[in-house]
Amino acid sequence: MFSYQRALHLADTDSAGVVYFATLLSLCHEAYEASLATVGLPLSSILTSPDGALPIVHAEIDFLAPLACGDTLLIQVTVPHLSQRSFETDYQLFLLAAPETLVARAKLKHVCIHPQSRKAINLPEVWRQRLITI
């Protein structure tokens, strides 16, 4: 499991003063990028790799409590499912000030594709080995 902290800014909120719904998925992706970097697989290396690309093919999120500017989140990232060609990342979002309070949960599914043909391919083994450690 990887943990990531992020304060919510005014730009993260909507006109009602609560976090805009798409913002939390973006924050989950920030946590995902940070988790990749910590296991030696920075996103920049994936984006320029001839060995594959990792588009998101499915995203879901459940909102359990409102969030506002000034709140700080603790985002926990896990990789509960890893197959030959795809993996899922799960996210649990907590208020840092009340870590027992789950405020949202999300799931993203990535599929490895060939950068030119865009057809599904097996994940490079080095990527698989590093994803297992998140």
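Q: What makes the contact between Lys107 and Glu88 a salt bridge?
A: The closest N and O atoms of Lys107 and Glu88 are 3.7 Å apart, and a salt bridge is defined as a side-chain nitrogen of Lys or Arg within 4 Å of a carboxyl oxygen of Asp or Glu, so the pair qualifies. Lys107 lies in strand β5 and Glu88 in strand β4 (residues 86–95), so the salt bridge ties together parts that are 19 residues apart in sequence; strands, like helices, are DSSP runs numbered from the N terminus (helices are H or I with at least four residues, strands E with at least two).

Q: On what kind of model do these values rest?
A: The model is predicted, and local features need pLDDT of at least 70 while side-chain atom pairs count only at pLDDT 80 or more, although totals for chains, interfaces and linings use all residues. Residues are numbered from 1 along each chain as its sequence is written, and side-chain values use heavy atoms, with hydrogens and water left out.

Q: Why is Glu88 put in one exposure class and Lys107 in another?
A: Buried means under 20% relative accessible area, exposed means over 50%, and partly exposed is in between (1.4 Å probe, protein chains only). Glu88 has a relative accessibility of 17% and therefore counts as buried, whereas Lys107, at 24%, counts as partly exposed.

Q: How do you know that β4 and β5 pair, and in which sense do they run?
A: Pairing requires that DSSP finds at least two bridges between two strands; 10 bridges join β4 to β5, which run antiparallel. Leu93 stands opposite Ala104 in β5, and β4 and β5 form a hairpin with 2 residues between them.

Q: What makes Arg105 and Asp62 a salt bridge, and which strands hold them?
A: Their closest N and O atoms are 3.6 Å apart, which meets the salt-bridge limit. The pair links distant parts of the chain, with Arg105 in strand β5 (residues 98–111) and Asp62 in strand β2 (residues 56–63), 43 residues apart. Arg105, at 38% relative accessibility, counts as partly exposed, as does Asp62 at 37%. Strands β2 and β5 themselves pair in the antiparallel sense over 7 bridges, and Ile61 stands opposite Ala106 in β5.

Q: Why are Asp12 and Arg6 called buried or exposed, and what joins their side chains?
A: Asp12 has 8% relative accessibility and so counts as buried, and Arg6, with a relative accessible area of 16%, is buried too. Their side chains meet in a salt bridge of 2.9 Å, N to O. Arg6, Asp12 and Glu30 are linked in a network of salt bridges, and the count for the structure comes to 6 salt bridges.

Q: Why is the ring pair of Tyr20 and Phe21 described as stacked, edge-to-face or tilted?
A: Rings of Phe, Tyr and Trp (its six-membered ring) pair if their centres lie within 6.5 Å, and planes under 30 degrees apart count as stacked, over 60 as edge-to-face and the rest as tilted. A search of the whole structure finds 2 aromatic pairs. In one of them, Tyr20 and Phe21, the ring centres are 4.7 Å apart and the planes stand at 55°, so the pair is tilted. Tyr20 is partly exposed at 39%, while Phe21 is exposed at 52%.

Q: How do you know whether Cys69 is bonded to or free of Cys28?
A: A disulfide is a pair of cysteine sulfur atoms within 2.5 Å, and the sulfur of Cys69 is 19 Å from that of Cys28, the closest cysteine sulfur, which is too far for a bond. The count comes to 0 disulfides. Cys28, at 0% relative accessibility, counts as buried, whereas Cys69 is partly exposed at 43%.
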